[in-house]
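User: Could you take a close look at the inside of this protein, starting with the enclosed space and what surrounds it, and then follow the neighbouring features from there? I am in my first year, so please go step by step.

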Amino acid sequence: DLAVLQYTGGTTGVPKGAMLTHASLTANSSQMTIHVGHIPQEQERTLGVLPMFHVFALTTVLNYSIETAAEMILLPRFEMKSFLETARRVKPTQFFGVPTLYIALNGVELNGEFDSVRVCISGGAPLPLDVRQTFEARTGVRVVEGYGLSEASPIIACNPLTGIVKDNSCGPAFPGTILEIRDPSNPHTIMAQGERGEVCVRGPQVMKGYWKRPDATEETFIDGALRTGDIGYVDEDGYLYLVDRIKDLIICGGYNVYPRMIEDALYEHPA
């Protein structure tokens, strides 16, 4: 049964309501529990500053915390002073944030706020490698990057909390999730391992379709798989790498240039 209409796609046109069911939301929360490897004898404390009307926080801060009986420390917005004071006081064990938060935290003095944290996950946008390395060096806490979209409740891939984290990868598929890389010009064709194409996904977390938009729903599924609109590839170990959004492609002097390439180059500059 339909649980949530998660509106999405406002940057590329009229927003569409992704129909997330009770089953798809529950599935993504359970996949998260398996991925994190919850330790029942330890009381988890989730420090939440992401708005729970956003699908990333809906699953990670709210549903996953409830499923694992974690204490939720909720702040109405991200305000640096109160965030740091709260973190020192409550000693959170897990923190889920977007890259903007990690960038902000890299720019202030830290005094043990993350000493109790064992889980840091970044999502919502690509996490620049320099930002991750700087945060890890300053706090001693591993940050793993995940990837998802509103239409998938949202998580479809994430780097492991223990084991190999690959630079600039958003990790292997979530438990019970199948990633397919399809030819953008002929989406019925699945690309060979290592080749770039549109990332498509199957799994119990995928939406039913768009609310009252059968036309958009039909365009978004190919052979039963959800089309993400992102270009990427999967390496020999099953780790997913995103190149960029299909619609953001810049053709420059005959070359295909993705904004992510430019952003990564900018982050290498010391300023």
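Analyst: Sorted by class, the residues that line the largest cavity are 4 nonpolar, 3 polar and 3 charged. The model is a predicted one, and every value here is computed from it. The lining is made up of Leu127, Pro128, Leu129, Arg132, Glu145, Asn159, Val165, Lys166, Asn168 and Ser169, and the space that these residues enclose has a volume of about 50 Å³. When the whole structure is searched for cavities of 30 Å³ or more, the count is 1.

Two residues of this lining lead on to other features. Lys166 is one of the residues that line the largest cavity, and the charged end of lysine 166 sits over the ring of tyrosine 239, at 4.8 Å from the ring centre. A contact of this kind is also found at lysine 16, whose charged end sits over the ring of tyrosine 210, 5.1 Å from its centre.

Asn168, which belongs to the cavity lining, also appears in the lining of the second largest pocket, together with Arg196, Tyr233, Tyr241, Leu242, Val243, Arg260, Met261 and Asp264. Strand E14 (240-245) and helix H7 (259-267) are the elements that each give two or more residues to this pocket lining. The second largest pocket holds about 150 Å³ of space, and its lining consists of 5 nonpolar, 1 polar and 3 charged residues.

Next come the cysteines. Which cysteine has the sulfur closest to that of cysteine 158? It is cysteine 170, but the two sulfur atoms are 8.8 Å apart, which is too far for a bond because a disulfide needs them within 2.5 Å. Cysteine 170 is accordingly in no disulfide, and the count of disulfides comes to 0. Cysteine 158 counts as buried because its relative accessibility is 3%, and the cut-off is under 20%. Cysteine 170, likewise at 3% relative accessibility, counts as buried.

The last feature to examine is how aromatic rings meet one another. A pair of aromatic rings is described by the distance of the centres and the angle of the planes. In the whole structure, the search finds 9 aromatic pairs. One of them joins tyrosine 64 and phenylalanine 96 edge-to-face, with 6.1 Å from centre to centre and 80° between the planes. This pair links distant parts of the chain, since tyrosine 64 lies in helix H2 (residues 55-67) and phenylalanine 96 in strand E5 (residues 94-97), 32 residues apart. Tyrosine 64 and phenylalanine 96 are both buried.

Another edge-to-face pair is formed by tyrosine 102 and phenylalanine 135, whose ring centres are 5.1 Å apart and whose planes stand at 85° to each other. Because tyrosine 102 lies in helix H4 (residues 99-106) and phenylalanine 135 in helix H5 (residues 129-139), this pair ties together parts that are 33 residues apart in sequence. Tyrosine 102 is buried, with a relative accessible area of 1%, and phenylalanine 135 is buried with a relative accessible area of 1% as well. Both rings also belong to one aromatic cluster, which is formed by Phe78, Phe83, Phe95, Tyr102, Phe114 and Phe135.

How values were computed
Residues are numbered from 1 along each chain as its sequence is written. This is a predicted model: local features need pLDDT of at least 70, side-chain atom pairs count only at pLDDT 80 or more; totals for chains, interfaces and linings use all residues. Side-chain values use heavy atoms; hydrogens and water are left out. On a 1 Å grid over the protein atoms alone, a cavity is a set of points where a 1.4 Å probe fits but cannot get out, and a pocket is an open set with protein on both sides within 12 Å along at least five of seven lines; lining residues have an atom within 4 Å of a point. Grid points are joined across faces, edges and corners, and a volume is the space filled by probe spheres set on the points. Helices (H or I, at least four residues) and strands (E, at least two) are DSSP runs, numbered from the N terminus. Ala, Val, Leu, Ile, Met, Phe, Trp, Tyr, Cys and Pro count as nonpolar, Asp, Glu, Lys and Arg as charged, and the others, Gly among them, as polar. Buried means under 20% relative accessible area, exposed over 50%, partly exposed in between (1.4 Å probe, protein chains only). Rings of Phe, Tyr and Trp (its six-membered ring) pair if their centres lie within 6.5 Å; planes under 30 degrees apart count as stacked, over 60 as edge-to-face and the rest as tilted. A charge sits over a ring if NZ of Lys or CZ of Arg is within 6 Å of the ring centre and within 35 degrees of the ring normal.
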